[in-house]
Amino acid sequence: MINQNIRIKELDPHTVGESEATALNIFDNRMRAEQWPLDPLRSVAETIGHWRFVPEYLDLHQWAAWSDAEKKVVGRGHINIGRYEENPHMADFDIDVIPEMRRQGIGKALLRRIVAVARRENRDLLLVTTDRDIPAGRVFLRRLGARMSLASHTNQLDLSHLDMTLVDKWRSRGLRLARSFDLVLREGAYPEGNLEAMAELKGVMNTAPTDALELEAFTWTVDHLRQEDRCLISLGVERWTMFLKDRTTGELAGFTEVLRDRHYPDTVEQGHTAVSLKYRNRGLAQWLKGEMLSRMIKEMPQLKKIRTANADSNAAMLRINRSLGFRPLKSWSTWQVDLDRALGYLGE
Ligand SMILES: CC(C)(COP(=O)(O)OP(=O)(O)OC[C@H]1O[C@@H](n2cnc3c(N)ncnc32)[C@H](O)[C@@H]1OP(=O)(O)O)[C@@H](O)C(=O)NCCC(=O)NCCS
């Protein structure tokens with residue numbers, strides 16, 4: 001039974017007023033402080049921006065749980081409906097409730113809204129990721145019959161621990177490969193002329209392990225890339241992408257990309273790194289990583305740490321990252337919930 005003083009309201013980040021936006025920001029910072037206690041707080045504009053600027057290929061439905069008496073947000077739930085061809089059976093969601101308001105039925109009430117959208121959209125499988133340091137998420141998901149399907153970590157490299165000898169070794173090995181490949185650094189949006197090739201190269205990410213997740217491979221399109229680029233620009237996030245182009249065939253052989261939020265110049269997010277199957281086992285990923293690291297060190301004087309998300313089963317990527325000095329920072333579990341189980345739990 002939900003606490004009687006709580007009201008669940010649809011949340012539209014495009015129309016929220018100033019006082020609502022402030023309350024939402026206080027809530028969001030509260031939740032972020034639980035997960036990332038050492039990270040700085042976000043401004044109102046950043047919080048609302050992250051919920052507002054999502055690519056058009058995602059249909060984001062969200063709700064906030066309000067304590068009317070205190071004019072305070074105590075919970076938020078959302079579900080993302082992907083408007084693309086693959087995985088029409090799936091949607092991802094999340095629910096957060098502030099610690100002192102847990103165990104009062106608020107999570108369940110938010111789940112009810114999420115499940116109603118999933119049902120309307122014929123999404124039979126729901127995906128959610130929980131922080132392994134917060135056991136309440138695991139207990140809640142087990143209660144509704146979820147299956148733990150993928151273990152992952154956020155790994156972090158403190159730049160003072162970076163093994164520069166290794167970086168130099170990978171770069172000098174790369175110099176020998178430079179006869180066969182051009183190395184190109186792109187700052188900002190992908191070049192229009194390369195969008196088709198870039199979309200295809202992104203598809204290589206489908207070869208990364210997904211363990212027990214029941215997901216089909218995702219095909220990136222030129223439109224997806226353009227939509228993502230527009231969001232990054234709106235959020236004030238800059239991206240550097242480094243490509244390797246086969247000099248003989250003109251094919252893109254591999255890429256690595258890093259993202260930096262201009263509000264936090266000391267931190268970079270290492271995004272995707274992928275090398276096409278036919279170009280593997282030649283040291284291309286190490287060359288890309290080595291070149292990108294050396295470029296960042298030279299041109300980002302405020303940079304202190306690099307973060308990246310890796311599946312625990314991604315042995316190839318972890319080997320590269322660990323040898324550079326990346327260490328586990330946070331651990332995550334990704335769960336799958338059958339819609340029928342969630343409906344059963346809610347008594348619907
Ligand atoms: C997970 C979370 C959203 C649950 O919110 P909540 O408002 O406390 O959940 P509810 O009060 O609606 O509880 C729903 C059910 O889970 C059970 N439950 C929730 N937390 C529990 C806990 N810590 N221990 C035992 N049972 C728990 C409740 O007993 C209830 O079961 P019932 O329906 O049989 O009575 C909240 O703990 C949270 O914000 N955690 C951090 C974020 C997170 O992990 N989110 C991912 C989950 S989608």
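## A pair of strands

In this predicted model, R147 has Q336 of strand 12 as its bridge partner. The two strands involved are strand 6, residues 147-158, and strand 12, residues 327-338. Strand 6 and strand 12 run antiparallel to each other and are joined by nine bridges. Strands of a sheet pair through backbone hydrogen bonds, and the pairing can be parallel or antiparallel.

## The sheet

Strands 6 and 12 belong to an open sheet of 12 strands, ordered 1-2-3-4-5-12-6-11-10-9-8-7, with mixed pairing. At the edges are strand 1 (6-10) and strand 7 (181-187), each of which pairs on one side only. From one strand to the next, the twist averages 20 degrees.

## Helices on the sheet

Helix 1, residues 18-35, packs on the sheet. Helix 1 touches strand 2 (58-67), strand 3 (72-82), strand 4 (90-97) and strand 5 (125-131), and its direction is at about 80 degrees to that of strand 3.

Helix 6, residues 195-202, lies across strand 9 (252-261) and strand 10 (267-275). The angle between helix 6 and strand 9 is about 90 degrees.

## Two domains

The protein chain is divided into domain 1, covering 6-123, and domain 2, covering 155-331. Taken over C-alpha atoms, the centres of domain 1 and domain 2 are 30 Å apart.

Domain 1 gives 12 residues to the contact, and domain 2 gives 13 residues. On the side of domain 1 that touches domain 2, the largest share is three residues from helix 2 (residues 44-52). By class, that side of domain 1 holds six nonpolar, three polar and three charged residues.

Notes: Residues are numbered from 1 along each chain as its sequence is written. This is a predicted model: local features need pLDDT of at least 70, side-chain atom pairs count only at pLDDT 80 or more; totals for chains, interfaces and linings use all residues. Two strands pair if DSSP finds at least two bridges between them. Helices (H or I, at least four residues) and strands (E, at least two) are DSSP runs, numbered from the N terminus. Axes are lines fitted to C-alpha atoms, for helices over the stretch in contact, and angles run from 0 to 180 degrees between N-to-C directions. Two residues are in contact if their C-beta atoms, placed from the backbone, lie within 7 Å. Domain bounds come from an automatic or database domain assignment. Ala, Val, Leu, Ile, Met, Phe, Trp, Tyr, Cys and Pro count as nonpolar, Asp, Glu, Lys and Arg as charged, and the others, Gly among them, as polar.
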